[in-house]
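Subject: Structure for your review

Dear colleague,

Please find below the structure that I would like to hand over to you. My account of what was found in it follows directly after.

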Amino acid sequence: MPEFNFVLLYVKDPIKSAEFYAKLLGKPIVDQSEGFAMLPLIENVMLGLWELTTVVPPTLNDGSEKGGSSEISLNVDDDATLENTHKEWLAHGVTILQAPMDMPFGRTFVAVDADGHRIRVATPAKM
């Protein structure tokens, strides 16, 4: 059976996006070339950032060179860690779309990168 190992986001500027995610997640950029950059998310799972205009085959994009419309989710251990992460990201100037709030699946907040990809941080719901 295939094994999940990669998340790929289409972006306007892979290098700028990689720098954003490296700073946000505290992870190193491990590959960088024209039109592409990559960094680890967790063991055996990488985040790839591919320049939208060079994706092969081309996306169903309308030609306006917009990225976005995807969401990645990151779990943290507890509500205190979630609140601290929210405060740190705000201090770094990250745009927050949804302030921390309780939802059926746990406490969460949502940030956004320069291409409109959502970054959800959540704690698992307490059963």
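Asp102 forms a salt bridge with Arg107, and the closest N and O atoms of this pair are 3.3 Å apart. Please note that the model is a predicted one. With a relative accessibility of 57%, Asp102 counts as exposed, whereas Arg107 is buried at a relative accessible area of 18%, the cut-off for buried being under 20%.

Arg107 has a further partner in Glu83, with the closest N and O atoms 2.8 Å apart. Because Arg107 lies in strand E7 and Glu83 in helix H2, this pair ties together parts that are 24 residues apart in sequence. Glu83 counts as partly exposed, at 23% relative accessibility. Through shared partners, the salt bridges join Glu83, Asp102 and Arg107 into one network.

A search of the whole structure finds 3 salt bridges. One of them links Arg120 to Glu71, where the closest N and O atoms are 2.7 Å apart. Arg120 belongs to strand E8 and Glu71 to strand E5, so the pair connects parts that are 49 residues apart in sequence. Arg120 is buried, with a relative accessible area of 15%, while Glu71 is partly exposed at 38% relative accessibility. As general background, side chains of opposite charge can pair when their charged atoms come close.

The strands named above belong to a sheet, which I describe next. Four strands make up this open sheet, in the order E5-E8-E7-E6 and with mixed pairing. Its edges are strand E5 (71-75) and strand E6 (95-103), each of which pairs on one side only. On average, neighbouring strands here are turned by 20 degrees against each other, direction ignored. E6 and strand E7 (residues 106-112) run antiparallel and are joined by 6 bridges; in this pairing, Gln98 stands opposite Val110 of E7.

Two helices lie across strands of this sheet. Helix H2 (residues 79-91) lies across E5, E6, E7 and E8, and runs at about 15 degrees to E7. Helix H1 (residues 14-25) lies across E5, E7 and strand E8 (118-122), at about 10 degrees to E8.

There is also an open sheet of 4 strands in the order E1-E4-E3-E2, again with mixed pairing. E1 and strand E2 (31-33) are at the edges and have a single partner strand each, so one side of each is left without a neighbour in the sheet. The average turn between neighbouring strands of this sheet is 20 degrees, direction ignored. Strand E3 (residues 36-42) and strand E4 (residues 45-51) run antiparallel and are joined by 6 bridges, with Pro40 standing opposite Met46 in E4. H1 packs on this sheet as well, touching E1, E2, E3 and E4, and its direction makes about 20 degrees with that of E3.

Finally, which residues make the nonpolar surface patch of about 220 Å²? Phe6, Leu8 and Tyr10 make this patch. Leu8 is found in strand E1 (residues 6-11). At a relative accessible area of 31%, Leu8 is partly exposed; Leu8 can therefore count towards the patch, since the cut-off for patch residues is over 30% relative accessible area.

With kind regards

Technical notes. Residues are numbered from 1 along each chain as its sequence is written. This is a predicted model: local features need pLDDT of at least 70, side-chain atom pairs count only at pLDDT 80 or more; totals for chains, interfaces and linings use all residues. Side-chain values use heavy atoms; hydrogens and water are left out. Two strands pair if DSSP finds at least two bridges between them. Axes are lines fitted to C-alpha atoms, for helices over the stretch in contact, and angles run from 0 to 180 degrees between N-to-C directions. Contact means heavy atoms within 4.5 Å. Patches are made of residues with over 30% relative accessible area and no salt bridge: like charges are joined within 9 Å, nonpolar side chains (Val, Leu, Ile, Met, Phe, Trp, Tyr) within 5 Å. Accessible areas come from the Shrake-Rupley method with a 1.4 Å probe; for residues, only the protein chains shown count as cover. A salt bridge is a side-chain nitrogen of Lys or Arg within 4 Å of a carboxyl oxygen of Asp or Glu. Buried means under 20% relative accessible area, exposed over 50%, partly exposed in between (1.4 Å probe, protein chains only).
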